[in-house]
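Here is a walk through a two-chain model, sheet by sheet and then chain by chain. Have the structure open as you read.

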Amino acid sequence: MNINFYQANYKPLLLIPIALAIIGIFLVAVFPQVPFGMDLTGGTRLIFRTDKPIDATLLEKELRAKYSFDELRVISISGPAGNGTTLEFSSLKEFNQANSLLSEARKALKENNLELARQKAIDSINALNLFVKVDEIPADASEAVDAASDAVIKAKENLQLQLNALLKEKFALEEEPRSQLREIGAILGATFWNNALMVALTSITLITIIVFIFFREIIPSLAIILAAAFDVLIALAFMALLSIPLSLSSIPALLMLVGYSIDTDIMLTTRMLKRREGTPAERSFEAMKTGITMTSTALAAFAAMLLLSYLTQMLVIYQIAIVLFFGLLGDLISTWLMNAPVLLWYVEKKKVI
Amino acid sequence: MKDLMKSWKVILMFSLLALSIALIAFNGLRLGIDFNGGTLFEVHLERAASTEQEMVDVTSTISQRLDWTGLKDTKVSSFGNEFALIEIAETNPEQVALLESLIKKQGKFEAMIDSNVMFTGAEIISIIKDPAKGYGLRGTEKNISWVLPFALSNEASQRFKELTFHKCTLLSYNPETGSDYECEKTFFFIDRPLTSVLVMPDYLFEEEKQMPVDPRRQSSNTISAEELLKNASVPFIIFDKNLSGEQLIELKELSENHFTAIILPETTESIKESLKAMNFKLKEFKKADDEPWLWTATGLKSIIFLTESVANMKAKTLSEAESFPELIITGGANDAKDAKERLQQLTIILESGSLPIAVESVSRESISPALGKEFFFYASITGLLALIVVALVLFIRYRFLKLVIPIMFTAIAEVILVLGLASLINWSLDLAAVAGIIAAVGTGVNDQIVIIDELSHKRKEEVTGSLVQRGKRAFFIVIAAASTLVAALAPLIFFGFGLGKLVGFAITTIAGVFVGVLITRPAFNEIAQKIIEK
C-alpha cells in the first residue's frame, strides 16, 4: 500500500473507469437492464415469516397449478434469523377480468343501461368464483354493482387467507405465518415514478449548484459530479446484474449514494487545491489513505445492513443497503482512479505546485 | 481532560444528549406500522381536488365513516390534492376488506318517523351549503347555534308533510309567549339493517333501556330502547344466558325473510351455532365506549326533533298544511368549535357519507403486529452490528483505542440525538428511518476520519498551520460534504416522495447530518485536538 502510484505515469489509470463505464452503460441500457419494481408498475407483494423453511420451487409450482398469476416470483430465505418467503405478482387473471367487467358495469350504470350494468356485475362476480361465493345478487342494478365491487375486495381477502392456509398445510407450519402485504395500483405506481423523476432532477440540479459554489473552478467541480454519476452508474449496473429492481427505496438510496460518495471527492479536491505541503502526487496519496478508511467503514456498515436485512426480509433496508454498498465500491474507482488523476493533471497544468 | 470539560462545545453536546435521553424516556418514540403492525390505505381520487376545502371534506368524510364502524385510532390525512392516506391498527384480512369496501362505497341514508321512512339520501336534492341561505353558524360565542338547510324532492316533501302533520302536542299556552309544544323525534340512519334481526343479551338491553338523545353530549332528553328499535323497524330478541324454546321458534319464523343476525362479538358459541343452523349470517358489532350498542347496531346516527312549524300545528287539516321543499335543521352547541363539528357531522350524514370526489383506486400495505415486532428487533440489531463493524474497521486502521473510542462515542451520541429529535417532533419511526439513521451516522464517522487525518497529518514532518487552522480546513470538507448530502435528499421531503413513505429516510438522514455538523462534530474536533496534542 505504500507504493505511491500517482508518482508514476497516472494518466493510463483513467482507462479503468472508462472501460467500466462502458460496461456499466451496456448492462444498464442494453442487457439485462434495471428492472422496474412493483412499487412503480403496480402489483402485489406478500412477505411471510414462518417457523419452518419453505421450498420456493415447490410453492411456486403449487401456486401456478392453482392460480393464474402474472409475473409470479417466489423467493425463500432460511437462515439463523428464521425463514421467510417473498411472493410477488403483477396481477391475477381472474382479478383483472373481474375488475374490467366491474368498470364496464359502472359505465353502463352511468349511462342508465341498467340491464347491462347488472349483467356485467354478475359476470364480474362469476369471474371470481374461485375466491368468493355470492348467494344472492340484488335485483337492483346499482346494488348489484356494489355487490360486485364488494366481491372484488372479498376475493382479495380470500386469496390472502387461501395462501396462508396453503402455506400452513403444505409445509406443516405450526404457527400462523407473520405477514406483510403490499398492494400498489398501477396508477399509484405511475405517480411514484413521476414523483421520482422530479425528485431526481431537483437533487441533481441542487448538488451541481452546491459543488460549484464550494469549489468555484470548472474542471474540479465537473470531476466531482462526473465521479458521482459514475457511482450511480455502477450501482445501477449491479442492480441490473443481480436483478434488484428500481423501487421506492432504491431511488432515494441512489440519491443518498451521490451525497455519500461525494464526501471523498470533496476531501480529495480540498487537499489538492487548498494545501501547499508536499507534491500533488504525495497529497493525493495521503488523501487516498484517508478516503479509503472513510469508504471502508461505510462499506463495512452497509455490508452488515445488507446481510441482516436480506436474512430478515427488511426489504426497505435491503434495497437501500445494496445500492449504497455497490455504489461505494464504484466510488473507490471513481475517486482514486478517475477524480485523482484528473485533478493531478489539472494541478500540473495550472503549475500551482 | 479538565479544560475539555470547560469547552462550551463539549458542554453543549453533553447537555443536549441528556435532554434527548430524557425526551426518549418520558415522551417516548412513536413507531410506524413497520414496527407496530397495522394497515395503510392509499386512496387515489378520481380527480384532483380543486380547493383545499374540498380535500378537507374528503378526509373528514372518510374519518367520519370510519368512526361509524366504531374503529378507534384511525389517522386520515391528505397527500397533495389527489390522495388520501388512512392508517389504522387493524391487520386482520377480514376487517381490512370490510374497511376497504367502506372506503369505496357510500352508505344509505334514511330519515324515519314512527317506523316510516320520511325521506332517503337519494331524495335529498341538495344540501344548501350557501351561507347566504343560512348554512353555517349563528349567534355569538355564548349562545351559538348551527343551521343546515337542504332541499327535498317533490315526492319526498309531500310524504314528509303527511308523516309529520300534527306531530306535536301542546304542553302549555301562555297568551304572551304563545303555545309551548313538545314535538316528535325523527331518526337519522345510515345503512339501517334490513332483513336483519337483533339478538342481544338482557343485561345489555337493561343497560340501554333509556339513552340520551345525543350519546356524545350531555342532555336531559332521553329515549327508550323500544322506541329506538321501533323506529329502526328491526325485530329483536333479548335472551337471558341462552335462547329459550319460544325464542328459537320466533327466530325460525323470522328466518323466512330475515337473513342476518346482528350480535355482540362475545355472544356464546352455542347461540352462534343455533343462529347459523337457522341459516342466519352473523354480523358482529362491538360495543363502543361513547355510543350505545343499539345505535351502532341499527346504524342510528342522529335524533332530530320536529318543530311546530314543520308539523303544521297552525293548519287545521292536512289539506291546509304547507309542504316544505326546503327544510332546515338547527341545533345548539357549547361553543363555536362544537357547533362547527355538529354541523359538519350532520352534513356528512345527510350526504350518506358520500365523498365529494369518487375513489378511483385503493392501494394498501398491511404488516401483522408479530412481524412488526420482529422487524423492530432486527432493525435494532442491524444498527448495533453496523456500529460494531465500523469500530472494527477503525481499530484495524488506527490501532489506537484512544481514537476509536471517541469516534464510536460520537456516533452513538448522534443516534441518541436524532432519536431525541424524533421524539420531540413526534416523528414516527419506520424501517426507512432506521436506514437513514445508520447512513447519517456513517457520514458522521467519515467526517471524524477527515478531522483526525487532517489534524494528525504529517505530524513528524514540518507543520504548516496550527492545529486550529487545520481544524478549520477539515471543517470546510465537513460542511461541503454535509451540504451535498442535504441537497441530494431534501427534494425527497419537498415532493413528499412515495406519498411520504420515504420522507422518514430523508428526514432522519438530514437531521443526523445537522446534528453532526452543529453539535457533535465541533465537540469531537475539540476532543480530537487534545488527543492528537498528546
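## The parallel sheet of chain B

Strand E17 (residues 260-263) and strand E18 (residues 281-284) of chain B run parallel and share four bridges. Within this pairing, B:Ile262 sits opposite B:Lys283 of E18(B). Here helices (H or I, at least four residues) and strands (E, at least two) are DSSP runs numbered from the N terminus, and two strands pair if DSSP finds at least two bridges between them. Add helix H9 (residues 269-277) of chain B, and E17(B), H9 and E18(B) make up a right-handed β-α-β unit. Right-handed means that, with the strands pointing away from the viewer, the path from the first strand over the helix to the second runs clockwise.

Zoom out and you find an open, parallel sheet of four strands in chain B, ordered E16-E13-E17-E18. Its edges are strand E16 (236-239) and E18 of chain B, each pairing on one side only. On average, neighbouring strands of this sheet are turned by 25° against each other, direction ignored; axes are lines fitted to C-alpha atoms (for helices over the stretch in contact), and angles run from 0 to 180 degrees between N-to-C directions. Over at the E16 end, strand E13 (residues 196-201) of chain B runs parallel to E16(B), joined by four bridges. B:Leu198 has B:Phe236 as its bridge partner in E16(B).

A word on ground rules: this is a predicted model, where local features need pLDDT of at least 70 and side-chain atom pairs count only at pLDDT 80 or more, while totals for chains, interfaces and linings use all residues. Residues are numbered from 1 along each chain as its sequence is written, and chains are lettered from A and ligands numbered from 1 in the order in which they are written.

## The antiparallel sheet of chain B

Chain B also has an open antiparallel sheet of four strands, in the order E6-E5-E12-E19. Strand E6 (116-120) and strand E19 (300-305) of chain B have a single partner strand each, so one side of each is left without a neighbour in the sheet. The average turn between neighbouring strands here is 30°, direction ignored.

Strand E5 (residues 109-113) of chain B pairs with E6(B) in the antiparallel sense through four bridges. B:Met112 finds its bridge partner in B:Val117 of E6(B). Helix H5 (residues 154-164) of chain B packs on this sheet and touches E5 and E6 of chain B, with its direction at about 145° to that of E6(B). Contact means that the C-beta atoms of two residues, placed from the backbone, lie within 7 Å.

## Where the chains meet

Across the interface, 66 residues of chain A are in contact with 70 residues of chain B. On the chain A side, helix H6 (141-170), strand E6 (178-184), helix H7 (186-215), helix H9 (250-274), helix H10 (280-312) and helix H11 (315-350) each supply at least two residues. H10(A) gives the largest share, 14 residues. By type, the chain A side splits into 35 nonpolar, 17 polar and 14 charged residues. For that split, Ala, Val, Leu, Ile, Met, Phe, Trp, Tyr, Cys and Pro count as nonpolar, Asp, Glu, Lys and Arg as charged, and the others, Gly among them, as polar.

There is strand pairing between the chains, too: E6(A) and strand E21 (residues 359-367) of chain B run antiparallel, joined by four bridges. A:Gln180 has B:Ile367 as its bridge partner in E21(B).

## Chain A overall

Chain A has 11 helices and six strands. Its radius of gyration is 27 Å, well over the 20 Å that the globule rule gives for 353 residues, so chain A is more spread out than a compact globule. That radius is taken over C-alpha atoms, and the rule is 2.2 Å times the number of residues to the power 0.38.

The C-alpha atoms of chain A fill a box of roughly 90 × 50 × 30 Å along the principal axes. Of the 353 residues in chain A, 51% are buried. A residue is buried if 20 or more other C-beta atoms lie within 10 Å of its own, exposed if 12 or fewer, and partly exposed in between, with C-beta atoms placed from the backbone.

## Chain B overall

Chain B counts 16 helices and 22 strands. Its radius of gyration is 33 Å, against a value near 24 Å for a compact globule of 534 residues. The C-alpha atoms of chain B fill a box of roughly 115 × 60 × 40 Å along the principal axes, and 40% of its 534 residues count as buried.
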